[in-house]
Amino acid sequence: MARVHNFSAGPAALPERVLQEAAAELMDYQGCGMSVLEMSHRSAAYREIIDDAEATLRRIVGIPDSYRVLFLQGGATLQFAAVPMNLMRTGRAGYVVSGVFSGKAQREAERYGRAEVLATSEAEGFTRIPDLAPVEERAQADDLDYIHICQNNTIYGTMYHELPRCLDVPLVADVSSCFLSMPLDIERYGLVYAGAQKNAGPAGVTIVIVREDLMGAGAALPCCPTYLDYRTQADAGSMLNTPNTFGIYLCGKVFRWVEDEGGLVAMEARNREKAALLYGLLDRSTVFHAVAEPASRSIANVTFRCSTPELDAEFVEGARARGIEGVRGHRAVGGMRASIYNAVSLDDVRALAAFMEEFESRHRIG
Ligand SMILES: *Cc1c(COP(=O)(O)O)cnc(C)c1O
């Protein structure tokens with residue numbers, strides 16, 4: 001069995017233990033005589049699976065009882081609409097645009113009310129997190145239903161190293177690509193959401209963690225589909241209709257793995273070590289250049305490029321020949337991107353770094 005070094009941005013590498021457990025249980029889940037894929041979501045066995053997934057997630061993140069956990073479908077993209085449909089009570093929210101996904105979220109929200117752009121780094125090609133002073137100043141007026149950020153910009157390889165201080169305005173964050181990569185102080189947010197396929201499980205599950213008081217009965221806009229009404233989903237235990245049963249089961253296994261590996265503090269230490277290895281190399285290089293500005297660098301997605309697109313293509317091809325997959329950059333940025341999520345090991349990153357050194361010595365300038 002040959003497994004590659006997988007640096008894909010998402011769907012992305014999963015812990016091998018999770019895949020092996022799922023494979024072992026595929027035909028017969030713990031003596032049930034059937035696969036989780038074939039099981040009623042209303043069965044006692046499945047109830048245990050989803051309850052355990054939530055309980056494990058609550059332990060590893062430290063989610064207080066005042067927050068609800070939802071396992072939904074439709075990806076982070078559907079949350080771009082669900083957030084305003086649930087939270088834009090007075091029809092006005094603030095958005096920080098720091099990349100492609102936060103731009104999409106802002107434009108989607110415009111369909112339901114006013115989605116003010118409070119700050120953007122578009123003029124800098126999204127190579128850094130925007131200055132947050134205007135956001136904090138705007139929050140003082142206290143007339144926004146929420147302020148939305150994308151905490152880790154998967155495409156550009158930037159992340160917030162500090163959150164904006166939003167005072168009484170609830171902070172809403174798309175944490176798709178940084179969820180579970182480091183501790184998350186959930187009480188600083190009104191709501192966070194994450195598509196699971198980056199760091200938490202397979203595609204098809206979206207995790208929403210929402211403060212109870214933000215979802216009063218009848219609070220959602222009249223246009224909000226029943227499925228997307230957070231209150232309804234919370235009351236139904238994410239089972240208003242058939243949930244992504246197998247996806248949630250896999251997420252539960254990932255959560256257990258994170259816990260057994262030492263939790264989010266251990267994940268952060270490992271992720272910082274992997275990132276430091278790559279950024280150190282980039283900063284010493286004459287062939288590669290980091291895309292993100294140092295103060296905004298992500299520890300989940302490391303973006304870099306060579307001096308020409310031809311060299312980039314040669315690098316991607318050479319990497320593939322060495323079993324290093326998924327390093328081609330997003331089309332909006334070009335160059336390369338190494339996504340070094342939790343399931344990507346230090347050894348995987350060392351293999352990439354070794355090839356980068358080799359490429360460097362072949363193409364060194366001066
Ligand atoms: C991948 C990603 C998305 C899009 O997720 P889907 O699940 O495909 O809708 C949105 N935001 C961020 C930060 C992402 O990384």
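In this predicted model, residues 5-352 form a span that is 35% helix and 16% strand, and the C-alpha atoms at its two ends lie 8 Å apart. The stretch 5-352 carries the annotation "domain: Aminotransferase class V" in UniProt, where the entry is unreviewed.

Turning to the ligand, 13 residues surround it, and those that come nearest are Thr77, Thr154, Asp174, Gln197 and Lys198. Polar atoms of aspartate 174 and lysine 198 can be paired with atoms of the ligand. In the side chain of aspartate 174, an N or O atom is 2.6 Å from a nitrogen atom of the ligand. For lysine 198, a side-chain N or O atom is 2.5 Å from an oxygen atom of the ligand. The protein buries 85% of the 390 Å² that the ligand exposes when taken alone. The backbone takes part as well: an N or O atom of the alanine 76 main chain lies 3.2 Å from a ligand oxygen atom.

A look at the surface brings up a nonpolar patch formed by Leu26, Met27 and Leu37, whose accessible area together is about 340 Å². One of these residues, leucine 37, sits in the loop that runs between helix H1 (16-24) and helix H2 (44-61). Its relative accessibility is 54%, and leucine 37 therefore counts as exposed, the cut-off for that class being over 50%.

Definitions and conventions
Residues are numbered from 1 along each chain as its sequence is written. This is a predicted model: local features need pLDDT of at least 70, side-chain atom pairs count only at pLDDT 80 or more; totals for chains, interfaces and linings use all residues. Side-chain values use heavy atoms; hydrogens and water are left out. Patches are made of residues with over 30% relative accessible area and no salt bridge: like charges are joined within 9 Å, nonpolar side chains (Val, Leu, Ile, Met, Phe, Trp, Tyr) within 5 Å. Accessible areas come from the Shrake-Rupley method with a 1.4 Å probe; for residues, only the protein chains shown count as cover. A salt bridge is a side-chain nitrogen of Lys or Arg within 4 Å of a carboxyl oxygen of Asp or Glu. Helices (H or I, at least four residues) and strands (E, at least two) are DSSP runs, numbered from the N terminus. Buried means under 20% relative accessible area, exposed over 50%, partly exposed in between (1.4 Å probe, protein chains only). UniProt positions are given in the numbering used here, feature names are shortened, and annotations may be inferred rather than shown by experiment. A residue is near a molecule or strand if one of its heavy atoms lies within 4 Å of it. A polar contact is a pair of N or O atoms within 3.5 Å; within protein, one must be able to donate a hydrogen and the other to accept it, and residues adjacent in sequence count only if both atoms are side-chain atoms.
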